Amino acid sequence: MSVNGGGPAAEPLLEIRDLSVVFDGFRALDGVDLTVAKGELRFLIGPNGAGKTTLVDVITGLTRPATGSVRFAGAELVGRREHEIVRMGVGRTFQTSVVFEELTVVENLDLAASFRRPLWSLLRRRKGVSDAVARALEVTGLTDLADSAAGTLSHGQRQWLEIGMLIAQEPRLLLLDEPVAGMSKEERARTGELLTRIAEEHTVIVIEHDMDFLRRHASVVTVLHEGKVLMEGSVDQVRNDPKVREVYLGRAAQPVPGEVG
Amino acid sequence: MTVTLKTVPERPVQRRRPAALARVTEAARSGPGLFVVVALLLLAVAPVALEPFRLNLLAKYLCYAIVALGIGLAWGRGGMLTLGQGVFFGIGGYSMGMYLKLNDAGGELPDFMVWSGVETLPALWAPFRSPAFALAAAVVLPVAIATVLGLLVFRRRVRGAYFAILTQALAAALVILLVGQQGLTGGTNGLTNFFELFGQDLAADGTQRGLYFVVAITLGVLFLFAWQLARSRFGRLLVAVRDAEDRVRFLGYDPAVVKTITFAVAAGMAGIAGALFVPVVGIISPALLGVVPSLEFVVMVAVGGRYALGGAVLGAVLMNYAKTAFSEEFAGGWLYLQGALFILVMTLAPGGVAGLLASARDAVARWRRARPGWAAREAKEAA
Amino acid sequence: MQAFLNQLPVGLSIAAVLLLIALGLTFTFGQMGVINMAHGEFIMAGAYTAYLLQAVVGTAAVPVALPVAFIVAGAMGWLLERLAIRRFYGRPLDTLLLTWGVSLVLQQLARDLFGAPNVQVVAPTWLSGGLPLFGTQIPYARLFILALAVGCVLAIWAYLARSSQGRRMQAVMQNRQLAAIGGINTGRVDQLTFFIGSGLAGIAGVALTLIGPVGPTLGTYYIVDAFLVVVCGGLGRLGGAVLAAFGLGLLNSYAEFWTNASLAKVIVFAVIIAFLQIRPQGLFVLRSRALT
Amino acid sequence: ACGSGTSQTEGGAAGGGAGAGDTIKVGILHSLSGTMAISEVTVKDAEMLAIEEINAAGGVLGKKLEPIVEDGASDWPTFAEKADKLITQDKVATVFGGWTSASRKAMLPVFERRKALLWYPVQYEGLESSPYIFYTGATTNQQIVPALDYLKEEGKKRIFLVGSDYVFPRTANKIIKAYAAANGMEILGEEYTPLGHTEYSTLVNKIVDAKPDAVFNTLNGDSNVAFFKQLKSAGVTAEDTPVMSVSIAEEEVKGIGVDNIAGHLVAWNYYQTTDLPENEAFVKAFKARYGEDRVTSDPMEAGYNAVYLWAEAVKKAGTTEVEAVKKAAAGISLKRPEGTVTIDGENQHLYKTARIGVIEKDGLIREVWNSGEPIKPDPYLKTYSWAGGLS
Amino acid sequence: MLSVRGLESGYGRARVLFGVSLDVEPGQLVCVMGRNGVGKTTLLNTIMGVIPATAGTVTFEGRDVTKLKPHERVRLGMGYVPQGHETFPQLSVLGNLLVTLEASPHRDESAIDEALEIFPRLKPLLKRRAGFLSGGQQQQLAIARALVTRPKLLILDEPTEGIQPSIILEIEEAIERLHASGLAVLLVEQYVDLALRMADRFLILDAGHVVHSGSADELRGEEVHRLLAV
Ligand SMILES: Nc1ncnc2c1ncn2[C@@H]1O[C@H](COP(=O)(O)OP(=O)(O)OP(=O)(O)O)[C@@H](O)[C@H]1O
Ligand SMILES: Nc1ncnc2c1ncn2[C@@H]1O[C@H](COP(=O)(O)OP(=O)(O)OP(=O)(O)O)[C@@H](O)[C@H]1O
Ligand SMILES: NC(N)=O
Ligand SMILES: [Mg+2]
Ligand SMILES: [Mg+2]
């Protein structure tokens with residue numbers, strides 16, 4: 001399963017072609033083409049409202065596109081139901097984290113890890129903690145909170161739990177929508193490390209606004225603007241692109257908040 | 001920031017319950033000891049202590065308890081408020097009733113068909129000559145109908161109040177249908193006047209006592225089944241579906257399947273209950289399965305405590321006992337009492353009686369822990 | 001064709017009744033997510049208001065009762081909200097059970113206050129007779145109900161879409177806590193919403209005295225149908241409720257014409273289930289970005 | 001306001017205590033709650049009146065009657081349960097109770113099994129004769145058949161049938177259709193609506209289209225209110241299209257609204273206006289006991305009679321023992337408010353006089369026709385040639 | 001202006017805040033910092049009355065508001081932008097602004113224009129349903145909504161979360177402008193540098209306790225990182 005990502009020339013895992021999404025006449029996505037190779041760690045940035053979340057919504061079956069196709073490992077995803085897409089190996093987190101508040105942290109993780117089991121085996125009681133869950137607990141640092149109800153977590157802790165659930169799912173493609181929003185600097189760093197570790201074994205797409213985070217962890221960045229792909233390139237190329245600076249980074253592109261001088 | 005009111009159906013419904021309620025859910029996980037005590041009471045004490053009339057009433061309550069158990073799963077765990085359990089209860093009951101009628105009629109036409117002007121046995125009735133078929137139908141039909149209905153509505157993401165009202169309409173429709181097809185179903189009268197069951201005289205005290213044991217044991221077995229289900233991963237999944245159905249899809253499960261299975265289990269339980277009810281009570285009629293009785297089933301669960309499976313059973317017995325007792329004491333006032341009791345439970349103790357018991361137990365535990373020396377003892381025990 | 005035309009006014013008049021009884025629910029159910037099973041008993045209260053007023057104003061009871069019943073039923077709703085429902089926001093299914101208990105008590109109360117038998121409200125003379133149309137006659141009583149329903153719909157629409165109170169109500173429904181920290185007195189909004197929704201039930205009750213029985217169980221005859229209208233219309237959507245009421249009314253009248261009343265009811269239920277397959281959230285859907 | 005809706009054991013005049021030997025317990029089993037309470041409470045009141053009168057006159061066999069009241073709650077299984085309770089727990093000598101046929105059918109096996117007695121006071125659809133039930137209301141040949149005879153005499157040959165969707169109306173209509181076929185009458189339509197139905201515009205439209213000479217109405221309960229209101233506002237009048245009803249008595253007329261129903265016909269065996277000295281006394285006693293605004297009706301009178309008939313049989317038998325009472329009951333004949341009634345020992349129904357009435361503006365019913373003499377009960381319509389294929 | 005003394009609160013039996021005290025003087029910008037889950041949001045929620053205080057007092061402009069309902073505090077001039085960019089999803093952007101404006105004591109429509117001046121990107125979106133906005137757009141709307149009530153004290157919980165860099169700058173600028181015009185601000189912020197640049201005073205929370213507080217100058221350099229990494 002662990003296909004170690006080769007260069008950009010490696011075989012594509014996700015191929016998006018001519019994707020458009022229309023909401024009441026408003027084109028949230030407009031002819032997007034995007035290819036992500038197996039093993040790649042791809043960053044997706046763009047102004048608020050550019051369509052980043054919408055793109056993830058389409059990949060994961062939450063939103064139907066007006067036109068276009070999304071192929072994952074050769075199979076078409078458009079038209080499939082959400083859980084089928086997950087079962088094919090595509091996992092995601094949400095911009096506003098949603099966890100099961102009445103279940104404990106472990107139970108949340110365990111459910112995420114169990115979907116491949118046959119249904120009848122779910123009828124047995126969970127005994128102990130499976131490897132996948134243990135790993136997710138460890139990497140997210142939620143071990144201490146393992147038996148607290150997820151409803152009692154703070155904003156940031158929920159975000160960790162969401163990432164943990166995604167890891168426990170062991171997907172082939174991970175889609176992370178603003179994973180570090182609302183986290184403190186140290187936690188961002190930890191998430192970044194975690195991300196690097198995950199990216200060694202998986203294909204990951206991350207949406208993020210934090211340029212500092214981006215600079216540390218990104219290699220290839222795709223910039224979305226008004227539903228279209230504005231450009232694709234390295235962090236430096238992107239940061240120095242005048243158009244990106246205009247629509248996204250703003251006048252003072254250099255002293256990005258959060259950077260320590 | 002939590003949003004406490006989520007009425008927009010497409011948003012994930014994440015209710016944040018008072019902490020006490022969450023604890024009740026926990027309480028449901030304990031209690032094999034209690035189970036044994038209750039089982040002993042029901043199987044050893046009640047048959048000796050109660051005269052046949054009362055024992056028969058208890059058997060009836062236990063039949064309702066089986067329905068309540070199913071609702072406890074579907075509603076308490078799965079968040080599916082089904083206001084149409086009467087439908088499944090009725091199907092089970094009619095299956096059994098049809099067999100009993102045919103058996104009594106000895107292959108001839110049942111009495112009500114004669115006076116309804118039916119001349120040949122309708123094809124629908126023919127297979128119910130076989131007791132095996134009737135018993136199977138009492139379970140399989142409700143399960144099948146619930147499965148089809150569940151897949152239809154849950155796949156289309158009909159839920160919450162929509163589902164509740166839809167099932168209520170289903171109960172209303174079934175009653176109208178049953179009442180309207182008098183020659184086939186006995187109309188409003190329903191099926192009654194049964195004489196024997198498997199060669200035994202139904203009226204005999206011995207038969208009724210035997211039936212009581214069958215009902216009590218069935219309830220016990222189904223309770224253990226439901227308990228296991230609730231404790232299993234499936235049970236956790238069910239709670240997850242209840243609280244954030246849309247999120248569950250992104251864990252790779254189809255919530256429609258999870259809900260349908262649970263709904264079908266609840267329907268099967270109601271069907272079994274209906275089949276047992278008929279020989280115990282001696283009648284099945286549309287009045288037993290319409291909108292009001294279906295609601296009353298839910299009320300039993302709510303009063304007993306929806307978050308604990310035992311609460312459903314407790315509620316069924318308590319409510320029906322109260323109904324019998326009060327209506328014997330002051331007939332007309334029962335409606336006031338039932339209404340008032342219900343309002344009080346819903347406003348002051350949403351966890352029902354089971355919730356109150358759990359809070360009481362918590363309070364006792366807290367009190368004991370607060371006593372000096374407790375911590376030391378606990379530490380010693382842990383070591 | 002003649003049969004078709006004959007049934008048209010019948011369908012419209014059934015629709016008008018459905019709409020009138022469902023309107024209050026668009027408020028309490030639609031706006032607040034409260035499934036008020038006692039709505040039927042508020043309708044009953046409206047009807048008994050007309051009955052009581054009859055002793056004072058005679059045959060003018062029906063028109064005079066409209067505003068009075070609005071206030072009487074509204075006050076009952078307000079009281080219910082204050083005493084119980086306000087503990088239940090966010091638990092719509094619980095309100096269903098709670099209000100069912102309330103409905104039982106109210107029914108028994110009516111039985112003890114007014115007696116179990118039905119009472120009679122005499123319609124004003126100008127409402128007797130009817131308008132000849134397509135070879136049958138549309139009773140004036142039905143036209144009156146239709147006009148009443150249309151009037152209420154317009155008033156509610158103006159209230160919800162045009163008034164600041166209406167906007168506030170929507171805000172509270174959509175995000176209670178956010179509304180509170182936005183400066184809205186959510187408690188007051190709840191009270192008012194419940195008052196209006198219940199008051200509309202009172203108006204429906206007065207109208208129903210023209211065509212049906214006035215007794216303690218009056219509410220139970222209409223409540224299931226009323227909820228079905230709201231469900232088919234889409235939660236809290238006024239336009240949806242109107243369309244659904246007319247759809248169900250016409251369906252009912254034609255189904256009953258070609259079959260019979262019992263079968264027609266079953267057909268209507270079947271169609272509703274089928275309909276929800278196509279539009280699970282009703283005619284007018286409140287869309288939102290799921291999960292975000 | 002119904003005087004004593006919630007009382008349980010309203011003791012007799014002497015208030016017989018628990019001391020066993022000096023009272024005879026009798027069961028009263030009607031719906032005191034639920035949809036049927038509206039009708040059944042009135043019957044219970046009449047039965048209680050009869051018990052009080054009998055107690056005041058010294059009781060039966062020197063003992064006071066002690067009524068045990070139970071609530072059937074408009075729910076048939078509850079009737080069966082409560083009947084069993086009255087018989088096995090309270091050990092009552094007999095039970096007076098029931099209204100709907102469904103409740104009777106539910107109780108029947110209990111009484112037969114326990115060999116106990118039920119007195120059932122309401123007109124019904126016939127085709128039944130349980131050895132443990134006495135039927136003091138009319139069977140079909142004492143109500144429906146005379147009503148049809150009357151319509152035929154009046155030249156109403158084209159009939160439209162309207163009924164609630166349950167066993168009594170359906171069976172009644174079966175009989176009516178058989179009668180019509182044999183008597184040159186034409187049935188223009190047969191429509192059923194669910195119990196509690198309140199939307200009659202389509203049905204009224206069908207009636208208007210069919211233009212019948214008369215409507216035969218077997219609707220039950222609140223539906224009647226909606227039906228008559230909507231019939232009237234569609235412009236159908238009693239002069240053009242009279243409606244013959246068999247389930248509307250004085251009590252219901254008030255709720256329908258006299259305006260809406262005046263001029264229409266009903267068929268019963270008794271009206272408050274029935275001009276007999278026994279009735280004058282009954283109405284007077286009833287109003288004195290329960291209030292001037294109360295009315296009496298056929299089922300009430302039948303319930304009232306049931307208590308007297310049973311008491312008479314006990315006196316004759318000298319015991320409350322069931323088999324002896326049954327034997328003694330056969331042939332008992334009493335002058336009652338509706339006229340002379342006699343127990344037919346063969347089927348335990350009564351000989352009753354059929355009466356057709358028209359509803360007056362004051363809400364009372366004026367008799368326009370009667371059968372002249374009590375009609376022998378024939379629950380299976382065996383003596384009617386046209387009814388051959390019915391059962 | 002805002003004075004919090006010995007504040008305690010929590011959820012059910014779980015206590016989250018343990019005797020928190022803080023002051024916001026008129027015109028001051030006070031920043032609260034701390035790791036995830038230390039109770040920052042709980043603190044703000046308690047100050048606004050969304051969660052009842054189990055002990056301690058909240059005083060606003062000399063008035064004890066501890067027992068007041070949230071909407072009453074808003075009317076006194078406390079504006080709150082909660083964490084997680086919440087909106088009234090079915091109302092339009094304009095509706096979102098109007099509904100809070102109409103609930104405010106001044107009811108002055110020009111407040112909407114003022115807010116839109118600060119977030120011009122909302123202008124073309126006025127007719128759009130708020131629930132359909134992107135996360136960042138919703139956040140801007142949320143701040144604008146608090147501004148239309150013309151608060152005397154603005155309370156912001158992680159306002160830059162999920163915002164594109166250029167707009168973070170705009171928000172930062174906006175806050176500074178508002179601050180400069182005399183508005184008092186209580187801010188929860190994870191971007192340390194942003195916080196330090198703007199704040200007059202700061203406060204570090206850990207496990208429901210204030211572990212450090214002082215003026216911005218005292219907290220330069222490495223010390224902040226040491227404290228925040230406790
Ligand atoms: N269901 C919908 N109906 C109408 N408009 C929508 C819907 N979903 C998204 N939009 C619009 O589409 C555009 C793209 O939104 P999207 O959420 O994809 O942006 P984003 O790139 O994720 O932004 P952010 O970084 O702020 O989260 C936005 O302008 C939004 O208002
Ligand atoms: N509704 C709740 N019920 C019970 N406990 C809760 C609840 N909400 C939060 N908590 C607990 O209270 C603590 C403080 O939460 P709070 O949301 O105030 O943290 P925070 O500092 O705002 O974190 P973040 O930076 O992640 O937003 C958390 O550890 C959490 O476990
Ligand atoms: N016997 C009757 N009217 O049901
Ligand atoms: Mg986004
Ligand atoms: Mg926070």
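In which helix of chain C is C:V57 found? The residue sits in α2 of chain C. This is a predicted model, and C:V57 makes a good doorway into its surface patches and metal sites.

**A nonpolar patch on chain C**

C:V57 belongs to a nonpolar surface patch together with C:V56, C:V64, C:V68 and C:V72. Taken together, these valines have about 340 Å² of accessible area. Two helices, α2 (39–57) and α3 (61–83) of chain C, each contribute at least two residues to the patch. The largest share belongs to α3(C), with 3 residues. As for C:V57 itself, its relative accessibility is 32%, so the residue counts as partly exposed.

**A positive patch on chain A**

Chain A offers a patch of another kind: A:R117, A:R124, A:R125 and A:K127 gather on the surface as a cluster of positive charge. Where does A:K127 lie? You will find this lysine in the loop between α3 (105–113) and α4 (131–140) of chain A. With a relative accessible area of 71%, A:K127 is exposed.

**Two magnesium sites**

Now to the metals. The magnesium ion listed as ligand 4 is coordinated by A:T53 through OG1 and by A:Q95 through OE1, at 1.8 to 2.3 Å. A:T53 lies in helix α1 (residues 52–59) of chain A, while A:Q95 lies in the loop between β6 (90–92) and α3, so the pair ties together parts that are 42 residues apart in sequence.

In chain E, the magnesium ion listed as ligand 5 is coordinated by E:T41 (OG1) and E:Q83 (OE1), at 1.8 to 2.1 Å. Here E:T41 comes from helix α1 (residues 40–48) and E:Q83 from the loop between β6 (78–81) and α3 (93–103) of chain E, so this pair joins parts that are 42 residues apart in sequence.

Are these coordinating residues buried or exposed? The table gives the value for each one, and buried here means under 20% relative accessible area.

| Residue | Coordinating atom and ion | Relative accessibility | Class |
|---|---|---|---|
| A:T53 | OG1, magnesium ion (ligand 4) | 11% | buried |
| A:Q95 | OE1, magnesium ion (ligand 4) | 12% | buried |
| E:T41 | OG1, magnesium ion (ligand 5) | 17% | buried |
| E:Q83 | OE1, magnesium ion (ligand 5) | 4% | buried |

To set the two settings side by side: E:Q83, a magnesium donor, is buried at 4%, whereas A:K127, in the positive patch, is exposed at 71%.

Conventions. Residues are numbered from 1 along each chain as its sequence is written. Chains are lettered from A and ligands numbered from 1 in the order in which they are written. This is a predicted model: local features need pLDDT of at least 70, side-chain atom pairs count only at pLDDT 80 or more; totals for chains, interfaces and linings use all residues. Side-chain values use heavy atoms; hydrogens and water are left out. Patches are made of residues with over 30% relative accessible area and no salt bridge: like charges are joined within 9 Å, nonpolar side chains (Val, Leu, Ile, Met, Phe, Trp, Tyr) within 5 Å. Accessible areas come from the Shrake-Rupley method with a 1.4 Å probe; for residues, only the protein chains shown count as cover. A salt bridge is a side-chain nitrogen of Lys or Arg within 4 Å of a carboxyl oxygen of Asp or Glu. Lys and Arg count as positive and Asp and Glu as negative; His and the chain ends are not counted. The place of a charge is taken as NZ of Lys, CZ of Arg, CG of Asp or CD of Glu. Helices (H or I, at least four residues) and strands (E, at least two) are DSSP runs, numbered from the N terminus. Buried means under 20% relative accessible area, exposed over 50%, partly exposed in between (1.4 Å probe, protein chains only). Donors are N, O and S atoms within 2.8 Å of the metal (3.2 Å for Na, K and Ca); water is not among the atoms, so sites may look incomplete.
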